[in-house]
Amino acid sequence: MSKFDKYFLMNIDDIIEYTLEKLPNMNWDKESMKAVEIGDGNLNYVFKVWDNNGNSVIIKHAGEALRISDQMKVSTDRNRIESEILLIEETYAKGMVPHIYFYDTVMSACGMEDLSDHKLMRYALMEQEIFPKFAKDIAEFMFNTLLKTSDVVMEHKAKKELVKKFISPELCEITENLVLMEPYNDINKQNSFTKQNEEFVKRELYEDEELILEVAKLKFEFMTKAQALIHGDLHTGSIFVKQDSTKVFDPEFAFYGPMGYDIGNVIANLIFAYGKGLEKENNEFCDWILKTITEIIDIFINEYNENFEKIATEPMAKVKGFKEYYLDDILKDTASYAGTELHRRTVGMAKVKDLTSIENEDTRAFTERLNILCGKDYILNSSNFKNGVAFAKAVLKARADAE
Ligand code: SR1
Ligand code: MG
């Protein structure tokens with residue numbers, strides 16, 4: 001019998017005992033073991049445990065209520081999903097995710113590789129740090145994890161087993177509401193933004209029927225398009241970086257959905273960093289962000305074009321014209337979901353620090369307008385975004401229009 005045989009919400013005092021029970025072979029120096037809570041996400045508790053022997057591990061633990069709101073209850077099964085996805089992604093994109101040492105479906109906790117030598121990408125970007133290798137790393141990560149889990153490549157019955165295994169109604173519902181509805185109707189009265197943009201948001205989001213119809217279609221596509229095993233929340237707070245390394249983590253929102261949801265999230269979150277760069281009047285950083293957006297899209301397209309024939313197993317995917325049709329569809333979704341991410345992080349309940357840290361009210365209002373206009377361009381003209389330059393140019397256009 002162990003106190004960890006039945007679920008309870010662990011706190012810092014439980015973590016060392018828990019770690020010793022789950023990772024007994026790590027040669028821990030019990031006397032010097034320490035633990036600290038380091039989580040700053042919206043959902044879970046994250047503990048770092050270490051000792052003087054040089055051992056360290058991250059324990060991630062799902063509570064029944066979310067950190068962002070104790071009114072919101074979401075299945076603790078998200079911890080299993082996250083652990084299993086990381087193990088799968090490790091096979092598709094070696095070295096690009098933290099290694100999972102164990103996961104525990106009783107306590108809804110897992111132990112994973114400590115990546116403290118990396119920085120959380122959102123904070124590094126807010127400090128205006130540049131990562132020249134990032135575009136290639138993330139584009140290849142997305143190509144490998146998305147294309148290779150799709151019906152283009154996978155045997156269809158095996159793929160459907162994964163669809164079943166990673167069905168995630170409660171986490172998907174969060175996205176369906178917070179991303180693909182509330183920014184456009186504020187139905188739950190959770191939206192917020194600068195006071196001076198009240199008329200602007202009303203006109204550009206709440207009253208734009210053409211936009212809302214497109215978002216309605218995107219919501220249904222998100223709910224029904226089981227295209228690839230997506231990360232589901234691939235923002236810069238789900239990525240660790242070093243100059244020579246990129247690691248993707250936190251795939252608890254993973255499920256079979258549209259590939260463009262992941263790619264679009266990466267693009268939108270780089271645009272939030274661009275807004276921060278504008279606040280700091282850092283042209284070099286802003287130029288690097290636009291270059292990175294361009295490269296991510298173009299490297300993804302290049303990987304796709306170079307490898308499609310080599311990895312496709314589905315005979316009908318090899319029909320003339322299908323490859324081009326399928327890529328166009330991925331890029332259209334990428335633009336569209338970049339747009340919805342830009343909107344929800346600007347007006348919705350789960351904001352990003354890149355934006356909320358802008359203290360000057362006028363600058364913040366300007367950045368809000370840039371995000372909203374760029375998002376609208378991506379959604380309303382989604383078929384036009386067929387290369388990296390097109391994605392980057394939309395940011396410059398929105399910047400000019402937001403003045
Ligand atoms: C209620 S959870 C809010 C947001 O945090 C996560 O990181 C997801 O992005 C979710 O939408
Ligand atoms: Mg997260």
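**Close-up views of aromatic pairs and pockets**

The structure, a predicted model, holds 15 aromatic pairs. The legends below walk through a few of them, and then turn to the pockets.

**View 1. Phe222 and Phe255 form a tilted aromatic pair.** Their ring centres are 4.9 Å apart, with 55 degrees between the planes. This contact links distant parts of the chain: Phe222 belongs to helix H9 (residues 209-224) and Phe255 to strand E10 (residues 255-257), 33 residues apart. Are these two rings buried or exposed? Both Phe222 and Phe255 are buried.

**View 2. Phe322 and Tyr325 make another tilted pair.** Here the distance is 5.5 Å centre to centre, and the planes again meet at 55 degrees. Both residues sit in helix H12 (residues 322-347), and because they are 3 residues apart, about one helical turn separates them. Phe322 is partly exposed, with a relative accessible area of 24%. Tyr325, at 51%, counts as exposed, because the cut-off for that word is over 50%.

**View 3. Four aromatic residues gather in one cluster.** Its members are Phe4, Phe8, Tyr18 and Phe102.

**View 4. Lys48 lies over the face of Trp50.** The distance to the ring centre is 5.7 Å.

**View 5. The largest pocket has a volume of about 1000 Å³.** Have a look at its centre: of the 47 lining residues, Asp40, Gly41, Leu120, Gly237 and Asp250 lie nearest to it. Several elements each supply at least two residues of the lining, among them strand E2 (45-50), strand E3 (56-61), helix H3 (121-126) and H12. Which element gives the largest share? That is H6, with 3 residues. By type, the lining divides into 21 nonpolar, 10 polar and 16 charged residues.

**View 6. The second largest pocket has a volume of about 200 Å³.** It is lined by 15 residues, and those closest to its centre are Ile167, Ser168, Cys172, Met223 and Phe255. You have met Phe255 already, as the partner of Phe222 in the tilted pair. H6, H9 and E10 each supply at least two lining residues here, and H6 gives the most, with 4. The lining of this second largest pocket is made up of 10 nonpolar, 2 polar and 3 charged residues.

Notes:
Residues are numbered from 1 along each chain as its sequence is written. Chains are lettered from A and ligands numbered from 1 in the order in which they are written. This is a predicted model: local features need pLDDT of at least 70, side-chain atom pairs count only at pLDDT 80 or more; totals for chains, interfaces and linings use all residues. Side-chain values use heavy atoms; hydrogens and water are left out. Rings of Phe, Tyr and Trp (its six-membered ring) pair if their centres lie within 6.5 Å; planes under 30 degrees apart count as stacked, over 60 as edge-to-face and the rest as tilted. Buried means under 20% relative accessible area, exposed over 50%, partly exposed in between (1.4 Å probe, protein chains only). A charge sits over a ring if NZ of Lys or CZ of Arg is within 6 Å of the ring centre and within 35 degrees of the ring normal. On a 1 Å grid over the protein atoms alone, a cavity is a set of points where a 1.4 Å probe fits but cannot get out, and a pocket is an open set with protein on both sides within 12 Å along at least five of seven lines; lining residues have an atom within 4 Å of a point. Grid points are joined across faces, edges and corners, and a volume is the space filled by probe spheres set on the points. Ala, Val, Leu, Ile, Met, Phe, Trp, Tyr, Cys and Pro count as nonpolar, Asp, Glu, Lys and Arg as charged, and the others, Gly among them, as polar.
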